[in-house]
Amino acid sequence: MVLHFLHPTFSAPPSTLNFSDQFAFRPSESTTAALIYIFHTVTQLLTNYQYVTVIALDFTKAFDTVRHSTLLDKMADLAMSDEVYNWLVSYFNGHRHCIRYGISSSALLEISAGIIQDSGIGPASYVVNSSDLMAVKRGNLLCKYADDTYLIITSINVDTRLYELANVENWSRRNNLILNRSKSQEITFIDRRRKCSIQHPPLLPDIYRGVTVSDSLSVCGHVNNVVTSCTQSVQAMRILRARGMATGTIGLHVIFNAVVVARSRTVR
């Protein structure tokens with residue numbers, strides 16, 4: 001019932017909050033709408049810029065770590081009645097937990113963070129929690145579907161990527177979240193119909209840049225690059241074996257799995 005009062009507040013938020021880039025748990029929005037928005041945005045930007053990078057951000061256990069006090073502060077800025085807000089305060093407060101093992105139990109501790117993802121109020125609460133995460137540089141865009149957040153940056157703003165990531169990490173710390181860079185990924189979109197050489201953006205630290213896909217949706221170029229890289233690694237291993245590292249030793253086997261096998265898995 002509370003969603004009947006909460007959802008209408010998304011259409012007229014205060015200046016500190018933004019719901020227009022969120023496509024989850026809102027009336028008439030969906031994963032399809034989010035994908036269409038990203039595809040349309042990238043396509044439109046490519047008409048004016050050499051390339052567009054999209055960074056898919058990953059937050060560790062996002063729903064489990066939402067701080068109740070921070071969430072309620074944002075809900076207090078929404079245009080809802082005092083009765084609805086007080087109901088939300090009552091809903092999030094007063095919960096405790098303990099650990100039991102056999103006949104032993106730990107002391108009770110207050111639950112001050114976490115929302116239930118499959119509950120009625122939980123998903124909408126996360127929408128509110130993420131509503132003050134915004135891009136810093138003019139021209140950079142965000143697209144959100146719950147905790148799946150995509151940062152869209154054009155070639156002219158590529159130097160702002162680290163600044164935008166730092167902003168996201170600062171926002172994460174303020175909201176009791178953790179940005180997992182090792183699970184975040186970057187993809188670069190290029191219009192191959194342009195007859196000009198393009199300088200690809202440098203790799204971001206701790207951000208994975210995955211498979212290269214051509215404009216015809218072919219991964220042949222990526223496969224060729226991986227095979228070439230593996231061939232070079234195998235040649236290096238031959239040199240190691242010639243220098244005395246036996247084939248059956250654990251060292252050579254570990255090197256092969258860590259370098260060749262791990263790299264070849266990207267073509268599966």
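Is serine 15 buried or exposed? In this predicted model, serine 15 counts as exposed, since its relative accessibility of 75% is over the 50% cut-off. The residue sits in the loop between α1 (3-6) and α2 (31-46). Being out in the open does not leave serine 15 without company from another stretch of the chain: its C-alpha atom is separated by 9.7 Å from that of aspartate 77, although the two positions lie 62 residues apart along the chain count.

Proline 13 is found in that loop between α1 and α2 as well. Proline 13 counts as partly exposed, at 28% relative accessibility. Its partner in space is alanine 79, with 7.4 Å between the C-alpha atoms and a distance of 66 residues along the chain. Another pair of this kind involves asparagine 86, a residue of helix α4. Asparagine 86 and leucine 72 are 14 residues apart in sequence, and their C-alpha atoms are 9.8 Å apart in space. With a relative accessible area of 46%, asparagine 86 is partly exposed.

Helix α4 covers residues 82-92 and also holds tyrosine 91. Tyrosine 91 turns up in two settings. On the surface, Tyr91 joins Trp87 and Ile116 to make a nonpolar patch of about 310 Å². Tyr91 is also part of the lining of the second largest pocket. Tyrosine 91 is partly exposed, with a relative accessible area of 30%.

As for the second largest pocket itself, its volume is about 170 Å³. Besides Tyr91, the lining includes Phe92, His68 and His95. Other lining residues come from further along the sequence, among them Ile111, Ala113, Gly114, Ile115 and Ile116, as well as Ser119, Ile121 and Gly122. Sorted by character, the lining has 7 nonpolar and 5 polar residues, and no charged ones. Ile116 thus appears both in this lining and in the nonpolar surface patch.

Charged residues get their turn in the salt bridges. Side chains of opposite charge can pair when their charged atoms come close. The model has 4 salt bridges by the rule used here. One of them joins aspartate 132 to lysine 74, with the closest N and O atoms 2.9 Å apart. This pair links distant parts of the chain, 58 residues apart: lysine 74 belongs to helix α3 (residues 68-75), while aspartate 132 is in the loop between α5 (122-129) and β6 (141-145). The two ends of the bridge are covered to unlike degrees. Lysine 74 counts as buried because its relative accessibility is 7%, under the 20% cut-off, whereas aspartate 132 is partly exposed at 25%.

A second bridge pairs arginine 161 with glutamate 186, and here the closest N and O atoms are 2.7 Å apart. Arginine 161 lies in helix α6 (residues 161-174) and glutamate 186 in strand β8 (residues 185-190), so the bridge ties together parts that are 25 residues apart in sequence. Arginine 161 counts as buried, at 4% relative accessibility. Glutamate 186 is buried too, with a relative accessible area of 4%.

Helix α6 takes part in a further bridge. The side chains of arginine 181 and glutamate 169 meet at 3.1 Å, N to O. Arginine 181 is in the loop between α6 and β8 and glutamate 169 in helix α6, so parts that are 12 residues apart in sequence are tied together. Arginine 181 is buried, with a relative accessible area of 15%.

The loop between α6 and β8 also contains asparagine 176, which brings up a point about the backbone. Most residues other than glycine have a negative phi. Asparagine 176, however, has a positive phi of about 65° and is not a glycine. At 33% relative accessibility, asparagine 176 counts as partly exposed. Lysine 61 is another such case, with a positive phi of about 45° although it is not a glycine. Lysine 61 is placed in the loop between β1 (51-57) and α3. Its relative accessible area of 57% makes lysine 61 exposed.

Definitions and conventions. Residues numbered from 1 in each chain as written. Predicted model: local features only at pLDDT ≥ 70, side-chain atom pairs only at ≥ 80, totals over all residues. Heavy atoms only, no water. 1 Å grid on protein atoms, 1.4 Å probe; cavity = no way out; pocket = protein on both sides within 12 Å on 5 of 7 lines; lining within 4 Å. Points joined across faces, edges and corners; volume = space filled by probe spheres on them. Nonpolar A, V, L, I, M, F, W, Y, C, P; charged D, E, K, R; others polar. Patch = residues over 30% accessible without salt bridge, like charges linked within 9 Å, V, L, I, M, F, W, Y side chains within 5 Å. Areas by Shrake-Rupley, 256 points an atom, 1.4 Å probe, with all protein chains shown as cover. Helix = DSSP H or I, 4+ residues; strand = E, 2+ residues; numbered from the N terminus. Buried < 20%, exposed > 50% of the residue type's maximum accessible area, 1.4 Å probe, protein only.
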